[in-house]
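Trainee: Could you take a close look at one helix with me and tell me how it sits among its neighbours?

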Amino acid sequence: MKRARSVVEVLVVVSTLAVAMAVAPPVGAAADTQVRVLQETPLSPVADVPADVRKDCVSLGDELPRALARSSRHVTLVPSPHDLTGRHLTIEITHVRAGRVGAFSGPKFMTVRGTLIENGKEIADFQAKRGALKVSNTCSMLDKAEKELGSDIAQWLEHPRPHSQLGDQ
C-alpha cells in the first residue's frame, strides 16, 4: 500500500513539474524580450506642432508610452534616455495637425516615428499616424490618438519590420 501511494505521489509531482515547465518561459527569456521605452514621448527637434498646441496640451506625449506598456507585456518604461540600453525603442512626435485648440476646429492627428534598436544596431523602424474627431477638445483628441498609436506600436512589436507604416496611413 505504501509503495502504491509513493508511486502516485511521485507521478503527481513529476506531472506538475512537467506542466509548470511547459507553461513557464525559459529562465532569462523575459529579460531578452523586454523593450525599454521612455516614459514620455519627446517632440522631434524638427517637429511640426502648432504653438498653441505646444502651449495648451502640456501632457502631449505622456499617454503614448503608457498605452504601449498597457498593450504589450514586453515594454518597460524608463525615465531617462540614459536608461535606453539593450533592446529599446525610441519614439518621437514628428507632426501634429490641429487648426486651433478647441473642439470645433477640424480634424486632429498625430504622427510619430520610432526605431527599434538591439545591441546598438537599428533592426526595425516605423512611422505611425492616428487622428481623432469625436472628443471634447484638441488636447483630449490628441490624447485619444496617442492611446491608439500605443496599441498600433504594441502590435508592430510582435513582428517588427523595417520601414513599416502604422495606423491611419
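Mentor: Happy to; here is a walk around helix α4, starting with the chain as a whole.

A word on the source: this is a predicted model, where local features need pLDDT of at least 70, side-chain atom pairs count only at pLDDT 80 or more, and totals for chains, interfaces and linings use all residues. Residues are numbered from 1 along each chain as its sequence is written, and side-chain values use heavy atoms, with hydrogens and water left out.

The chain holds five helices and seven strands; helices (H or I, at least four residues) and strands (E, at least two) are DSSP runs numbered from the N terminus. Their order from the N terminus is α-α-β-β-α-α-β-β-β-β-α-β. Of the 169 residues in the chain, 36% are buried, where buried means under 20% relative accessible area, exposed over 50%, and partly exposed in between, with a 1.4 Å probe and protein chains only. Taking contact as heavy atoms within 4.5 Å, 67% of the contacts between residues at least 6 apart in sequence join residues at least 24 apart.

Now to α4 itself. Helix α4 spans residues 63-71, and its axis comes within 7 Å of the axis of helix α5 (residues 138-158), crossing at roughly 40 degrees. Axes here are lines fitted to C-alpha atoms, for helices over the stretch in contact, and angles run from 0 to 180 degrees between N-to-C directions. The two helices are therefore oblique to each other: angles under 35 degrees count as roughly parallel, over 145 as roughly antiparallel, 65 to 115 as roughly perpendicular, and the rest as oblique. The crossing of α4 and α5 is right-handed, the near helix being turned clockwise from the far one by less than a right angle.

Which residues make this meeting? From α4 come E63, L64, A67, L68, R70 and S71, and from α5 come D143, E146, K147, L149, G150, S151, I153, A154 and L157. By type, the residues of this contact are seven nonpolar, three polar and five charged; Ala, Val, Leu, Ile, Met, Phe, Trp, Tyr, Cys and Pro count as nonpolar, Asp, Glu, Lys and Arg as charged, and the others, Gly among them, as polar.

Finally, look at the buried side of the story. In α4, E63, L64, P65, A67 and L68 are buried. These buried residues pack against α5 and also against the strands β1 (35-38), β3 (75-78), β4 (88-97) and β5 (108-118).
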